[in-house]
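User: Hey, I'm new to this one. Can you walk me through it?
Analyst: Sure, let's bring it up and start with the charged pairs.

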Amino acid sequence: MSQLNIHVTASFEKDLNKFMKLRHINTKSEAIRLAIKEGIQHAAAHVAPGNFTDWLGLATQAPVNKKAKFSSDDDLWG
């Protein structure tokens, strides 16, 4: 297991102590591991899936160039 050293603020340590009392955790390291694990699980569970249905037909709404140099693709490539 790797080691991580952190410096915390007084307010963080106060909140951590509350968390430890609520969960009956004896060590700060275990409390921090648990809080991070739960935070990751919470974040992963609340990720919204991509929804691209609003994009359907969007290209057909683009303005038409009335002063086009070529009247069709055939003229462009011909």
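**Salt bridges and helix packing**

Analyst: Let's begin with R33, which makes a salt bridge with E30, where the closest N and O atoms are 3.0 Å apart. Keep in mind that this is a predicted model.

User: Ok, where do R33 and E30 sit in helix α2 relative to each other?
Analyst: They are three residues apart in helix α2, so about one helical turn separates R33 from E30.

User: And how exposed is R33?
Analyst: R33 is partly exposed, at 41% relative accessible area. Its partner E30 is partly exposed too, with 36%.

User: How many salt bridges does the count come to?
Analyst: The count is three salt bridges.

User: Which residue does E13 pair with?
Analyst: E13 forms a salt bridge with K28, and their closest N and O atoms are 2.4 Å apart. This pair links distant parts of the chain, with E13 in helix α1 and K28 in helix α2, 15 residues apart.

User: What about exposure for E13?
Analyst: E13 has a relative accessible area of 29%, so it counts as partly exposed. K28 is also partly exposed, at 37% relative accessibility.

User: And what does R23 form a salt bridge with?
Analyst: With E38; the closest N and O atoms of R23 and E38 are 2.7 Å apart. Since R23 lies in helix α1 and E38 in helix α2, the pair ties together parts that are 15 residues apart in sequence. R23 is partly exposed at 38% relative accessible area, and E38 is partly exposed at 27% relative accessibility.

User: Switching topic: at what angle do helix α1 and helix α2 pack?
Analyst: Helix α1 covers residues 10–23 and helix α2 covers residues 28–45, and they pack at an angle of about 90° with their axes 10 Å apart. Because angles of 65 to 115 degrees count as roughly perpendicular, α1 is roughly perpendicular to α2.

User: Which residues of α1 and α2 make the contact?
Analyst: On the α1 side, E13, L16, N17, F19, M20 and R23. On the α2 side, K28, A31, I32, L34, A35 and E38.

User: How many of those are nonpolar, polar or charged?
Analyst: The contact of α1 with α2 has seven nonpolar residues, one polar and four charged.

User: Where do the salt bridges come into that contact?
Analyst: E13 and K28, which pair up in a salt bridge, are both among the contact residues. R23 and E38, another salt-bridged pair, are in the contact as well.

Terms used. Residues numbered from 1 in each chain as written. Predicted model: local features only at pLDDT ≥ 70, side-chain atom pairs only at ≥ 80, totals over all residues. Heavy atoms only, no water. Axes fitted to C-alpha atoms, helices over the stretch in contact; angles between N-to-C directions. Helix = DSSP H or I, 4+ residues; strand = E, 2+ residues; numbered from the N terminus. Parallel < 35°, antiparallel > 145°, perpendicular 65-115°, else oblique. Contact = heavy atoms within 4.5 Å. Nonpolar A, V, L, I, M, F, W, Y, C, P; charged D, E, K, R; others polar. Salt bridge = Lys/Arg side-chain N within 4 Å of Asp/Glu carboxyl O. Buried < 20%, exposed > 50% of the residue type's maximum accessible area, 1.4 Å probe, protein only.
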